[in-house]
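Colleague: I am new to this structure and would like a friendly tour. Could you put it up for us?

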Amino acid sequence: MPVTSEIVSVPVRASLAQQGIWFNERLGGIGTVYTMPFSVTFDGPLDAAALAAAWEGLVARHPVLARAVEERQGVPYLVPAAPPGLRVADAPRERLAELVRAEILRPFDLAAGPLVRAVLYREGAGRATLLVVAHHIVFDGESTSVFLRDLAELYRAEVTGTPADLPELRHEEPGAGRVEAGLSFAREFWNSRWRQPAEVTLPGLAGEAATSAEGAAVEFALADEAREALARLAEEIGASRFEIVLASLHALLYRYGNTEPTVAVDLGTRSPETRHRLGAFVNELPVTARIQPDWSFRRFVADQRFGYGLRSDLRGLYRVREVPLSRAVSGVRPGVSLAPVSLGYRRREAAPAFFGVDAHVEWALFNHTVRGAMRVHIVDGPDRFGVALQYDPEAMGRDDAERVAAHWRTLLAAAAAEPDAPLAGLPLLGAEETGLLLSGWNDTSVDYPELTLPELVAVQAARTPDATAAECGTNSMTYAELSAATDRLAGRLRAAGVGPGRLVAICAERSPATLVGLLAVARAGGAYLPLDPGHPEERLRFVLEDSGAGLLLTDLATRDRLAGLELPTLVLEDPAAPAGAEEPAGLGWPSPEDLAYVIYTSGSTGRPKGVEIPHRALTNLLLAMRDRLGSRRGDGWLALTSLSFDISALELYLPLVTGGRVVIASGDAARDGRELVRIAGCGVTHVQATPSGWRMLLDSGLDLPHVTALAGGEALPAPLAREILRRTGRLINVYGPTETTIWSMSAEITEPVTAVPIGEPLANTRVHVLDERLGLLPIGVPGELCVAGDGVADGYRNRPELTAERFADDPFGPGRLYRTGDRVLRRADGLIEFIGRLDDQIKLRGHRIEPGEIEARLLEHPRIRRAAVLAREDDKGERRLVAYLEAEAVPGDLREHCARTLPPYMVPSDFVCLSPLPLTANGKLDRAALPAPDLGGEREAKAGPVAYSGVAAELHEIWCEVLGAAEIGPEEDLFELGGHSLTITQIASRVRLRLGADLPLHVYYDDPTIQAVAAAVERLRGEG
């Protein structure tokens, strides 16, 4: 067969695929994303002159290699350019990699051409490497095989002096007829399948991935046994290897938490007429997986095949593979990838033999640019299954990328071994990563004594009886006085029937007497229930009734306000008052499993729920924090937190079990930032507050280099952490829900502060990042934080169903774990980083708020039909509760209505009428669609021009011409009108010709409206 056919020298309009590539190059900033390098290394007596002649013959046979791109009226055409030659260069072996990299990174000039380069590097000692660098606009993956096959045959012909035996080529260009013919079906196909892909979750991926960026790659080949297993799996379930690879990648992304993962795949568009030609015969299209966790791998592959039509004999994706997505779907923005993760898969034949020499082919060298978050490039040959995981090193570390590769191999092997196992149960983690997660970072076992709070305080009182234990204002108590007062009140409580299993409510302001009351309840064997005197009477009444408390301890200041609660009451006495003649007798110590306290938190069902904390958990917390902080005798702890907030227990008890002193801030002082700063300056060494509380202290002038600061209860912003560090001596970020006893984790924050992790577990505490099935998630993958160990609560008081929902057996160790509902990830250094909530729960000024409880109260108002509550930031960055109401108007008594049962921090700051509230497709409230209210003042409405004039009128005429529309509004989006990348270039071309304005293409891309483009033209003219 002849080597060449008639070479077409006239300009050829670029194909749709080439137009997309050209347009993306025009947008700029994509580096070498379209550069396609490969190489052949020759060992033996290579005839360089014959290879050069073969190269010339190859360029003559495939004239697309001698082309450039010319724009005509906004449309790219391929036009003849100078034929590329074969450059020969000497390259010492130690410099070869450097030279190859430099050549790959050298940019192409599409307008000047040519669009392929070749260099023969002579390394000496009978070795040479041919590097070929082609631009994707004239090349695709299959072109590599065609190129090498033709080059090898042309080289043989030159060396032997015999004719080359190559198939005849037809150079007529495939028209757009097939695309137009398939457009109707493509629109129908994508109508039910296309949706804009969400941001992808990958291990360690930081933020949104760039469209394209300088990249790195993890490259590997599947082991022979893995290749054989893949082939057996494909044969067993009747699927192609491409289907298996695509399904495994989807399954991996799903296991990372991507609920509907999308992978953009390169699909070949070659026809029998083009199969022997070089060119860009490929189209990228997205495949979205809708996975059910109980599906097997076999079931999922079948669903993908028939749901998307992943074979040429099926009515589906292969039927529309020639139609660019932007032609079938309106609103698709141009870009180098249609999804954050893309897959290039190619089956190749065996490498061709080059006459007289040994030749080793590297089928796809890395071009050092990544598209999206990750690109998976696979070349599947008869002798090697090569994989390159390309990623952005600015967004993901190499260790993370290597973990992705390991997870994929593990999952693929598991699917091959058990194709009928549920996808959600296929293993991902190797032994090393599993060991780190379960043992290395959770090795927290410490042997603490089996003592309870009153015993620990008594032991310390015996050691330092005359040391100051507590002070409030000018009053103070020694350890001996505290112990005696505690025993006296405990005797009274025992006489009143308090003992193991009995719950005693305490509703009093912070004071030494209240501290005695708390300790005395424990000394008598009972458990205490803290109540905030500032909460509404209806709420206090509910909590007392729901908890079954049998006795109320209160102070004189609070007693009258609680007179209507109809509960047996004891009034706390001044602990400094003279002791009576009778000393208590028969007092024992509670056991570690006895209940220490019950504390109520907001409830998602509309009513608060009580968390039961045993002494075992409280003791572990105190001793673990002692060890973590290095607390010792002489420390002074500022007690400023309401008793109904569980973190108050740390402030009150930790100093008493370590020989320190409690510095109690009265109710008035705790609300006065300057007074708190003054108190803290009088020998206080430890201050604990929420981030909101720390903001108040800093604003009040706190600057105490000797103080250890503890911040917890809500997320600690990095800027605030820096400010706390500048004004204190040490900063500890603490984390823990009420259900795991105050704090479960901590992290010491040091400069420079870039992120604020919640840290690592305390002693005898284990933390896991799990999926919804309580499966262990990899390092760097977000999931639910679950806490296990000695701090886990007994459950919710009288709420067995809710207890069973939130507490579960720990699948990785003894006892139970608590599902926090917090979304976190474990960093590569083992620390946990908080991301947000899995549900609607709100953390506000340290308080845990369930919107459902507020919504339930709102719906009790007769004029409210539906309600939703969110936390919003105002113009000062302060978070506040906003209630959205389906009502005719905001009832005038609504705030008062809420305040009758809700504590002040749960009463919404703002009420917004919105009728009706937005709903999802399945009829549920769509919280994401609730509009942000104006929390920072009135906003001006934006009004468009009533008629076009000047530049806008010219633009309107151009847009209507190109889009074939009769009328276009000034703020209508070009892409929503059916525009695409070529549309933009045609508009831009007309704008240059008629208005003399050469706008960068990104202007049309960033804000594709007539109004915005007109403004850009006017700015440009003004600058001129």
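Colleague: Which residue of β18 is the bridge partner of A470?

Modeller: A470 belongs to a stretch where strand β17 (residues 468-472) runs antiparallel to strand β18 (residues 475-478), with four bridges joining them. Strands here are DSSP runs of E with at least two residues, helices are runs of H or I with at least four, both numbered from the N terminus, and two strands pair if DSSP finds at least two bridges between them. The partner of A470 in β18 is M477.

Colleague: What kind of model is this, and how are its residues numbered?

Modeller: It is a predicted model, where local features need pLDDT of at least 70 and side-chain atom pairs count only at pLDDT 80 or more, while totals for chains, interfaces and linings use all residues. Side-chain values use heavy atoms, with hydrogens and water left out, and each chain is numbered along its written sequence from 1.

Colleague: And in β26, which residue is the bridge partner of A470?

Modeller: β17 also pairs with strand β26 (residues 661-664), this time in parallel, through two bridges. In β26, A470 is partnered by V662.

Colleague: Which strands stand at the edges of the open sheet of five strands?

Modeller: The order in this sheet is β5-β6-β7-β2-β13, with mixed pairing. Two of these strands each have a single partner, so one side of each is left without a neighbour in the sheet. The edge strands are β5 (86-90) and β13 (358-362).

Colleague: Which residue of β7 stands opposite Y121?

Modeller: Strand β6 (residues 116-124) and strand β7 (residues 127-135) are antiparallel and share eight bridges. Opposite Y121 in β7 is T129.

Colleague: At about what angle does helix α3 run to β6?

Modeller: Helix α3 (residues 96-105) lies across β2 (35-43), β5, β6 and β7. Angles go from 0 to 180 degrees between N-to-C directions, using axes fitted to C-alpha atoms, for helices over the stretch in contact. For α3 and β6 the angle is about 175°.

Colleague: Why do the buried residues of α21 line one face of the helix?

Modeller: Buried means under 20% relative accessible area, exposed over 50% and partly exposed in between, using a 1.4 Å probe and protein chains only. In helix α21 (residues 691-699), the buried residues are P691, G693, W694, L697 and L698. The arc is taken from the directions from the helix axis to the C-beta atoms. Seen down the axis, these residues line one face because they fall within an arc of 150°.

Colleague: Is T728 buried or exposed?

Modeller: T728 lies in strand β29. Beyond four places in sequence, T728 touches W694, L702, L704, P705, V707 and A709, where contact means heavy atoms within 4.5 Å. With a relative accessible area of 6%, T728 is buried.

Colleague: How far apart in space are L285 and A264, C-alpha to C-alpha?

Modeller: L285 lies in strand β11 (residues 282-288) and is buried, with a relative accessible area of 0%. Its contacts beyond four places in sequence include W190, A264 and L338. L285 and A264 are 21 residues apart in sequence, and their distance in space is 5.4 Å.

Colleague: Which helix gives the most to the largest nonpolar core?

Modeller: A nonpolar core is a set of buried Ala, Val, Leu, Ile, Met, Phe, Trp, Tyr and Cys residues joined through side-chain atoms within 4.5 Å. The largest has 102 residues, and W190 and I244 are among those with the most contacts inside it. With ten residues, the helix that gives the most is α7 (residues 241-255).
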